[in-house]
Amino acid sequence: MKLYFLFVSLLLSISVRAQTTREPLFTSFDGTKIHYDILGEGKPVVLLHGFISNSESWKRAPVRQALADAGFKVVMLDLRGNGQSDKPHTAEAYQNNAELKDVMALMKHLGLTNYDVVGYSRGAILTAKLLTLDKQVHRAVMGGISVDFSDPNWYRRKNFHEALTKPGSHPELQPAVDYAKKSGADTVALARLQEFQPVTSRAELGKIKVPVLVVNGDKDTDNGDPQTLVDAIPGSKLIIVPGDHGGAMRTPEFAKAVVEFLKQ
């Protein structure tokens, strides 16, 4: 009997440790629990990660620490469906800009206003939409993206969704799907993220009034020509840094460009 209670206690201990690894957690507008992390003190800046990724990607990039060292409070979150956040499978959980509602609700929960945003790849797509929804955003950086996401029928979005829901439909994307599975990502949630990815029209982009910096790797052509996004957003600027799509955000040059722009 003693061995039984010892075994149960051990299981409970393991369970508690497993749960606490997700902390801190924030309960969003619809009950979805969102994992987030904060580094530094000062002016708030939110980092939005890309597809088949999570906030850990920022921890492997020098920009996170560079921002903290420059006097920013850096807020990172695992967007719903990713990382340590909840991964609901229903369509309703991803419709109507749910991810952006999470970001805005988290910032309100933390009592942070007048904040900056840095989004990379799919995170940049979310950043664009956030600029149309939240007047609290002061400046924004959009990395690794062109204006192509403004098309609701953008082939990249549709192809990724099909690759995740119809095995073998897009052989060119199979390595990404295999990586997602190998890394333990929830492919059902990932498919939902593509299915209901926010669309910001060219007309909406043309009305953005806050300062925007577009950053792209010199070997990155994954998501199109970044100059097209600069042409669509009034007053925005483009900086080219070394690297391909996966590597540009991890360069010191990316960190330097972001910090210098947000400190203006």
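**Pockets and cores of the structure**

Student: Which residues line the second largest pocket?

Tutor: This model is predicted. The volume of the second largest pocket is about 220 Å³. Its lining is made up of Leu131, Thr132, Leu133, Asp134, Lys135, Val137, Glu204, Lys207, Ile208, Lys209 and Val210.

Student: Which element gives the largest share of the lining of the second largest pocket?

Tutor: By class, this lining has five nonpolar, one polar and five charged residues. The largest share of the lining, three residues, comes from α5.

Student: How many residues of the lining of the largest pocket are charged?

Tutor: The largest pocket holds about 890 Å³ of space, and 39 residues line it. Elements that give two or more residues to this lining include α5 (122-133) and α8 (187-195). Of the lining residues, 14 are nonpolar and 15 are polar, while the number of charged ones is ten.

Student: Which residues lie nearest the centre of the largest pocket?

Tutor: The lining of the largest pocket counts 39 residues. Those that lie nearest the centre are Gly50, Phe51, Ile52, Ser53 and His245.

Student: Which element gives the most to the largest nonpolar core?

Tutor: In soluble globular proteins, nonpolar side chains tend to be buried together. Here the largest nonpolar core has 36 residues, and Leu77, Met142, Phe149, Leu205 and Leu229 touch the most other members. With six residues, the element that gives the most to this core is α5.

Student: How many residues are in the other core, which lies apart from the largest nonpolar core?

Tutor: Among the members of this other core are Phe72, Leu213, Phe254 and Ala257. The number of residues in this core is 25.

Technical notes
Residues are numbered from 1 along each chain as its sequence is written. This is a predicted model: local features need pLDDT of at least 70, side-chain atom pairs count only at pLDDT 80 or more; totals for chains, interfaces and linings use all residues. Side-chain values use heavy atoms; hydrogens and water are left out. On a 1 Å grid over the protein atoms alone, a cavity is a set of points where a 1.4 Å probe fits but cannot get out, and a pocket is an open set with protein on both sides within 12 Å along at least five of seven lines; lining residues have an atom within 4 Å of a point. Grid points are joined across faces, edges and corners, and a volume is the space filled by probe spheres set on the points. Helices (H or I, at least four residues) and strands (E, at least two) are DSSP runs, numbered from the N terminus. Ala, Val, Leu, Ile, Met, Phe, Trp, Tyr, Cys and Pro count as nonpolar, Asp, Glu, Lys and Arg as charged, and the others, Gly among them, as polar. A nonpolar core is a set of buried Ala, Val, Leu, Ile, Met, Phe, Trp, Tyr and Cys residues joined through side-chain atoms within 4.5 Å. Buried means under 20% relative accessible area, exposed over 50%, partly exposed in between (1.4 Å probe, protein chains only).
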